[in-house]
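Hi,

Here is the structure I promised to pass along. Have a look at it first, and my notes on what turned up are underneath.

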Amino acid sequence: MPSLFRRKSTDLVDEAVSSVTPEETAERSRGYTPAKGRETPKRPTVGRRPAGPTRPLTKEEERERRRQLRAEAASEFRREGGPRDRGPERLLARNVVDSRRTVGTWFFGGALIVLIGSNAAMPPLVRLISNVLWGALALGVVVDSVLICRKISRLVRERFPKTGQRMGSLFLYAVMRSITFRRMRAPAPQVKLGDKV
């Protein structure tokens, strides 16, 4: 029975250890790993980042490039909106708001007038008028929002009876859009004032 702790024969050890010349050692890099019988597969080029510009950009070119990317992103957002603007129910709510004139668009302008008119340095009559204007604006926004929400609720039930959209979220979305100036709405309005939705 052969011994388990026997030494290898010297000819096997000589085969395993190959002599390396000094020239070969100089050619190999420090991290060299000898081949294991097959080539290392190349990494796929799919999914890799594209190579950057060959020369570094100057500060002016980099600033212009960033400005152009911001402008493209802003125009895309203005045209298509963000994740909260997706879905047929949201489109319907936007069209309902965009097809009518809303009191909310005058709210911020009126609030500025009220802020100036409420100053203690103003005469009592001006302060009274500004407070009445503030109340009228607030009441107008509430009434207008209720009318918009009722119309959206009716249209959504008619056109999307199996919708999973929460109505409270849809109403808030429409009210926030109704108090935004028409030119500043994103996505941009797709219907004209007075169009039938």
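**What I found**

Ala174 counts as buried, because its relative accessibility is 1% (buried means under 20% relative accessible area, exposed over 50%, partly exposed in between, with a 1.4 Å probe and protein chains only). Before you read on: this is a predicted model, where local features need pLDDT of at least 70, side-chain atom pairs count only at pLDDT 80 or more, and totals for chains, interfaces and linings use all residues. Residues are numbered from 1 along each chain as its sequence is written, and side-chain values use heavy atoms, with hydrogens and water left out.

**Ala174 and helix H4**

Ala174 sits in helix H7 (residues 167–178); helices (H or I, at least four residues) and strands (E, at least two) are DSSP runs, numbered from the N terminus. Leaving aside neighbours within four places in sequence, Ala174 is in contact (heavy atoms within 4.5 Å) with Ala93, Val97, Ile148 and Ile152. Ala93 is 81 residues away along the chain, yet the two C-alpha atoms are separated by 5.8 Å.

Ala93 and Val97 are also among the buried residues of H4, along with Glu89, Arg90, Leu92, Arg94, Asn95, Val96 and Asp98. That makes nine of the 11 residues of H4 (residues 88–98) buried, so this helix is largely enclosed by the rest of the structure. H6 and H7 are included in what covers those buried residues.

**The chain as a whole**

There are seven helices and zero strands, so to speak a plain α-α-α-α-α-α-α pattern along the sequence. Of the 197 residues, 22% count as buried. Among contacts between residues at least 6 apart in sequence, 72% join residues at least 24 apart.**Helix H6 and the annotated stretches**

Leu137 is in helix H6 (residues 124–159) and counts as buried because its relative accessibility is 10%. Not counting residues up to four places away in sequence, Leu137 touches Val103, Trp106, Phe107, Gly110 and Ala111. From Leu137 to Ala111 is 26 residues in sequence and 8.4 Å in space, C-alpha to C-alpha. Ser130 is found in H6 too, and at 4% relative accessibility it counts as buried. With neighbours within four places set aside, Ser130 is in contact with Val114, Gly117 and Ser118.

The UniProt record (an unreviewed entry) annotates residues 103–122 and 128–149 as "transmembrane region"; its positions are given in the numbering used here, feature names are shortened, and annotations may be inferred rather than shown by experiment. In the model, residues 103–122 are 55% helix and 0% strand, with end C-alpha atoms 26 Å apart. Residues 128–149 are 100% helix and 0% strand, with end C-alpha atoms 32 Å apart.

**Helix H3**

The 22 residues of H3 (residues 59–80) should span 32 Å at 1.5 Å a residue, and the end C-alpha atoms are 31 Å apart, which agrees. The expected span is 1.5 Å times one less than the number of residues. Just after H3, Gly81 takes a positive phi of about 80 degrees.

Cheers
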